[in-house]
Amino acid sequence: MTEHARGVPLGSWLAELPDEGLIRLLELRPDLAQPPPGSIAALAARAQARQSMRAATDELDFLRLALIDALLVLEADTAAVPVADLLALIGDRASADAVHKALTDLVERALCWGALPTGALRVAAEAGAGLPWHPGQVTQEDPTQRGDQIAEAVAALDASQRDLLDKLLAGSPIGRTRDAAPGAPPEHPVPRLLAAGLLRRIDDETVILPRLVGQVLRGEQPGPAALRAPDPVVSQTTAADVDATAAGAVIDLLRELDVILASLGEMPVPELRSGGLGVREVKRLAKTTGVDEARLGLLLELAATARLIASDYPDPATVDQREWPDADGPYWAPTVLADRFAEQPTAERWQLLAATWLELPARPSLIGSRGADGKPRAALSTPLFSTAAPLDRRLLLGMLAELPEGAGVDAVSASQALVWRRPRWANRLQPGPLGELLDEAHALGVLGRGAISTPGRVLFAGATHGAETTDPAPAALAAMTKALPEPIDHFLVQADLTVVVPGPLKRELAEELAVVATVESAGAAMVYRVSEQTIRAALDVGRTGTGLQAFFEKHSKTPVPQGLTYLIDDVARRHGQLRIGMAASFVRCEDPALLAQAAAVPAAEALGLRVLAPTVAVAQAPISDVLAALRDAGFAPAAEDATGTIVDIRPRGVRVPTPAERRGHRPVGGPSSESLTSLVRVLRTVTSAPFDNIRLEPVTAMIMLKRAASEGSTVLIGYVDAAGVATQREVSPVLVRGGQLVAFDSTSGQMRDFTIHRITSISSTEQ
């Protein structure tokens, strides 16, 4: 075969590329520049290596991988293949324009090389390593096969047939058998599988497991098969509807997070020895907060990553007189940062949680599932860690951001679209995992009705192009502020003593209502319940009956029911007749008979309660214990300070120190354009420079380097590092002293030290 028929080697083709082409290659495949190759030949060898091939194809779509597959079928790894032959093999499965565009991208990445658009192309011998299937399984598969047909055929298999397919699935999809010949006994498993389309004949002694059949056997969604990208849109609504739905989800999410933080503040959860929270503790917390376990897991992961909760030993000042779980700690509890978070506006709180979710290096959906060791994965534990999780979220949001406003997807359509875009990520992008990601995005208000919300779109754009934007956060905050409904200053009091809130209340009003009522039903319109217990709790913290009456009359759009008025008056009349103050503590009452009854309760002896005067008694127990004992006995005491003013002695929630901020996932940036330009200049110099100065004496090298330093010139040095790796580096000498060269390395863009006796050559960079 002539050299023309074989095509030029990759090294020769790279040497003929303009500098812009080499720089573009190194931008698209940054692994080729780390460490810097010593020559064009070394660059070509690295570009064709199996590991580099896999890295380069990791982010290619199905069309581009299918073209590599087709070139391998045409044996472009051994001889140049005309583009016309490739187009003929693809046929009408893809348009010629789409194929040429994809080939141009592959050529830029040096995954194939040659002359476009009408010349011939070559691929590396290791190109098949970059395919998530055996070469030929896409080009030569039956495009008319459907997943449901394959599933029906698989369900009808007998044990011997299924065993044969399982063996091919576990190992190589290619099998050798004499039963592949056309005249083989038809009752044997192989001929029956061939007839059912579950195997494909390569020759009379070889069969292969089709790609789609293997996917069905693994329980995956089969595909893709078409070389055109699928349309993921399954619904259409307005952007306003999407944003309204997303805003409602945000309100619910923040309310649930507040409940979780309050619960952990009252009763911190001990951490498992292996890390995280135990299954029983999660179930208890879910029951206490009313948040289902799946959603609770997501909120716990977000809160921990955002440093709103942490595992530590609580501040002693916050744990006096508390009942602790039977454990040595540390405990999961809110941090000091959680208090500041609670005071922030709704949009700012959302922005923190949504940005945290986008970079969250964990998969909350795995909580409770069993790992490779057979043990359940605990919430807030390391087995949930996944470096791929942020990549999957970005891929999903990137696809949704490209759709028209209001265009919605579901788990199946999103999976089909994303697997087409990233076939090598297919196992992570199945409908199950994608459905979990969609649920998380809906909960965070990043999506609404299957479509990306305006705040979600702005947040994703800012996270993707943050380096190009002065500060992307204000844009996301503004978008969410616009999407959120305006806070209202009223509610509706019903005759059954429920309070209906038809929208988000102003913060001060919501906090005041929470003092005198408890949430009965959450949602877009929240329902609170007023009861004797809630009124008493409000009076306990310093509210008065008159003040509560005025509060409801001022803010209720409906007339205040008489039942509520009577209830407030009745509870207020009985409340606070007993006054407990600070001695160890004391009990004061204007009614001597009532005080005598209180002093006779069964718990009086344990409290050390004794009457000093007809209206005063003292106790050896703290105020909180006396209050609890008398309330349990049916009294309605109130705590007071030294001036007689009712005070709120409810304990502040437990707090742990806020941990140091941990840097989350960030897309790894490639080399700068300046360093790539310098690297290409070095490669060009190495290719053209004479190599008759292979080794230098250290004295000679020092003289040449001192001259270059004094002249401020740049030289190309050959250097062998401590590991024995030889490289070529373009440097600007600054100082030569004690056998060391201090120089600016153009490739890395930094000052570096070089040992002079390791320098093998020095040449000028001037051409």
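# Salt bridges, cores and strands in a predicted model

Visitor: How far apart are the closest N and O atoms in the salt bridge that Arg50 forms with Glu126?

Guide: This is a predicted model, in which local features need pLDDT of at least 70 and side-chain atom pairs count only at pLDDT 80 or more, while totals for chains, interfaces and linings use all residues. Residues are numbered from 1 along each chain as its sequence is written, and side-chain values use heavy atoms, with hydrogens and water left out. Arg50 forms a salt bridge with Glu126, meaning that a side-chain nitrogen of Lys or Arg lies within 4 Å of a carboxyl oxygen of Asp or Glu. For this pair the separation of the closest N and O atoms is 2.9 Å.

Visitor: How many residues apart in the chain are Arg50 and Glu126?

Guide: Arg50 is in helix H5 (residues 50-57), and Glu126 is in the loop between strand S3 (120-123) and helix H9 (147-155). Helices (H or I, at least four residues) and strands (E, at least two) are DSSP runs numbered from the N terminus. The pair links distant parts of the chain, with a spacing in residues of 76.

Visitor: Is Arg50 buried, partly exposed or exposed?

Guide: Buried means under 20% relative accessible area, exposed means over 50%, and partly exposed lies in between (1.4 Å probe, protein chains only). The relative accessible area of Arg50 is 41%, so this residue is partly exposed.

Visitor: Which residue forms a salt bridge with Arg192?

Guide: Arg192 lies in helix H11 (residues 189-195) and is partly exposed at 33% relative accessible area. The partner is in the loop between H9 and helix H10 (159-170), 34 residues apart from Arg192. With the closest N and O atoms 2.9 Å apart, the partner is Asp158.

Visitor: How many strands form the open sheet, and in which order?

Guide: Two strands pair if DSSP finds at least two bridges between them. The open sheet has 3 strands with antiparallel pairing. Its edge strands, S4 (174-176) and S5 (200-203), each pair on one side only. The order is S4-S6-S5.

Visitor: What is the average twist from one strand to the next?

Guide: Axes are lines fitted to C-alpha atoms, for helices over the stretch in contact, and angles run from 0 to 180 degrees between N-to-C directions. In this sheet the average twist from strand to strand is 30°.

Visitor: Which residue in S6 is the bridge partner of Arg201?

Guide: S5 and strand S6 (residues 206-208) run antiparallel and are joined by 3 bridges. A hairpin through 2 residues connects S5 to S6, and Asp203 stands opposite Thr206. The bridge partner of Arg201 is Val207.

Visitor: Which helix gives the largest share of the largest nonpolar core?

Guide: A nonpolar core is a set of buried Ala, Val, Leu, Ile, Met, Phe, Trp, Tyr and Cys residues joined through side-chain atoms within 4.5 Å. The largest core has 69 residues, and Leu353 is among those that touch the most other members. The largest share, 8 residues, comes from residues 239-266, helix H13.

Visitor: Which phenylalanine is in contact with Leu353?

Guide: Contact means heavy atoms within 4.5 Å. Leaving aside neighbours within four places in sequence, the contacts of Leu353 include Leu253, Leu254 and Leu444. The phenylalanine in that set is Phe341.

Visitor: What is the relative accessible area of Gln430?

Guide: Gln430 lies in the loop between helix H19 (411-421) and helix H20 (431-443). Leaving aside neighbours within four places in sequence, Gln430 is in contact with Glu220, Gln221, Ser415 and Val419. Gln430 counts as buried because its relative accessible area is 10%.

Visitor: Which residue does a cis peptide bond join to Leu116?

Guide: Omega of this bond is about 10°. The partner of Leu116 is in the loop between strand S2 (112-114) and S3. It is Pro117.

Visitor: What is the phi of Ala110, which is not a glycine?

Guide: Ala110 is in the loop between helix H8 (96-108) and S2. Its relative accessibility is 1%, so Ala110 counts as buried. Its phi is positive, at about 60°.
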